[in-house]
Amino acid sequence: MRRPQLDIQLKTPEQIEKMRAAGLVVAAALQRMREAVAPGVSTADLDAIAESVIRGAGAVPSFKGYHGFPASICSSVNEQIVHAIPSPNQVLGEGDLISIDCGAVLDGWHGDAAITVGVGAVDPALLRMAEVAEDAMWAGIAAAARGAASGKGRLTDISHAVETAVRKRGRYGIVDGYGGHGIGTEMHQDPHVLNHGRPGRGPRLVPGIALAIEPMITMGSPRTAELADGWTVVTRDGSVAAHVEHSMALLEDGVWVLTAPDGGRARLGDLVTSRQPADTPVI
């Protein structure tokens with residue numbers, strides 16, 4: 001059987017500017033939630049903050065109503081990896097690790113990003129895992145930028161860079177099956193971006209491609225299970241997980257990390273497009 005052709009939506013620079021606006025709404029919501037994370041705060045409290053920030057900016061939460069999802073964020077605590085539903089009954093405790101995934105649509109264009117945050121005093125090994133996930137995400141974004149600049153980049157160069165960055169730092173489980181994706185006028189578009197794999201395969205990385213890069217790693221096994229709510233994905237062995245994400249786009253002169261307030265310049269330097277001013281204030 002022939003594999004179906006991927007439908008990859010290439011964006012114009014003007015459309016990417018619109019995605020940047022949506023990305024900054026997501027960045028603002030995530031920053032507000034990061035500041036609010038503390039023992040005694042419920043995941044429903046965080047969800048209310050996100051919805052307030054997003055709607056206050058004239059945008060709409062991407063997640064709410066998506067295939068029936070009932071909230072504006074996914075709030076995954078400890079062994080929960082992704083897609084956990086916020087609840088007033090899930091109250092954060094000292095030492096927890098929470099991954100917050102947030103999306104917004106503004107003027108028809110989507111932004112999507114996630115952070116992992118420690119609650120109070122957290123085991124340094126868990127914080128290190130979250131740092132490894134974040135560094136791997138940036139390695140993947142850098143690989144995309146360099147691949148596009150050379151004209152030789154392929155999609156799985158991103159996957160390989162993420163995997164390599166994780167493997168160099170320890171024996172973490174890289175969650176299989178879940179990963180990043182194209183983004184644009186829909187929250188999820190082709191292509192799917194795995195967090196592991198050989199380089200040099202898949203579609204070419206060219207200007208106009210916009211992707212969400214999102215490593216998910218665990219302190220133990222990469223095997224997962226879905227809970228009875230039909231959404232929450234957990235580690236089968238109960239090990240703690242971390243999930244981080246940024247939306248990015250490739251332009252003729254570099255990459256733009258659309259959900260990073262500084263466009264990615266602090267981590268990527270000259271790989272960032274000139275459309276991102278060097279002196280943009282951080283949210």
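A residue counts as buried here when its relative accessible area is under 20%. Asp-112, at 2% relative accessibility, therefore falls in the buried class. That makes a handy way into this predicted model, which we will follow from an annotated site out to the nonpolar cores.

**The annotated site**

- In an unreviewed entry, UniProt lists Asp-112, His-181, Glu-214 and Glu-245 under "binding site".
- These residues are spread over 134 residues of sequence, yet they cluster in space, with a largest C-alpha distance of 10.5 Å.
- Of these residues, Glu-245 is included in the lining of the largest pocket.

**Asp-112 and its surroundings**

- You will find Asp-112 in strand β5, which covers residues 109-118.
- Setting aside residues up to four places away in sequence, Asp-112 touches two other residues of the UniProt list, His-181 and Glu-245.
- Its contacts also include Val-26, Phe-63, Ile-183, Met-187 and Thr-259.
- Two stretches of sequence show up among the contacts of Asp-112: Asp-101, Cys-102 and Gly-103, and also His-246 and Ser-247.
- The side chain of Asp-112 makes a polar contact with the side chain of His-181, at 3.3 Å.

**His-181 and its surroundings**

- His-181 sits in strand β7, residues 180-182.
- Is His-181 buried or exposed? Its relative accessible area is 5%, so His-181 is buried, given that the cut-off is under 20%.
- Beyond its neighbours within four places in sequence, His-181 is in contact with Asp-112, Glu-214 and Glu-245, each of them also on the UniProt list.
- Other contacts of His-181 include Met-187, His-188, Gln-189, Pro-191, His-192 and Val-193.
- Ala-210, Leu-211 and Ala-212 are also among the contacts of His-181, and these three residues fall within the range of strand β9 (210-213).
- Met-187 is in contact with His-181 and is touched by Asp-112 as well.

**The nonpolar cores**

- The largest nonpolar core has 38 residues, and those with the most contacts inside it are Met-129, Ile-141, Ile-158, Ile-213, Ile-217, Leu-250 and Leu-268.
- Helices α3 (124-150) and α4 (155-167) each give two or more residues to this core, as do strands β9 (210-213), β14 (246-251) and β15 (254-257).
- Which element supplies the largest share of this core? That is α3, with 13 residues.
- Ile-158 is in contact with Gly-140, Ala-143, Ala-144, Val-193, Leu-205, Leu-211 and Ile-213, leaving aside its neighbours within four places in sequence.
- Apart from the largest core lies another core, of 25 residues, among them Ala-22, Val-41, Ala-59 and Ala-113.

Definitions and conventions:
Residues numbered from 1 in each chain as written. Predicted model: local features only at pLDDT ≥ 70, side-chain atom pairs only at ≥ 80, totals over all residues. Heavy atoms only, no water. UniProt positions renumbered as here; feature names shortened; annotations may be inferred. 1 Å grid on protein atoms, 1.4 Å probe; cavity = no way out; pocket = protein on both sides within 12 Å on 5 of 7 lines; lining within 4 Å. Helix = DSSP H or I, 4+ residues; strand = E, 2+ residues; numbered from the N terminus. Buried < 20%, exposed > 50% of the residue type's maximum accessible area, 1.4 Å probe, protein only. Contact = heavy atoms within 4.5 Å. Polar contact = N/O pair within 3.5 Å; in protein donor to acceptor, adjacent residues only side chain to side chain. Core = buried A, V, L, I, M, F, W, Y, C linked by side-chain atoms within 4.5 Å.
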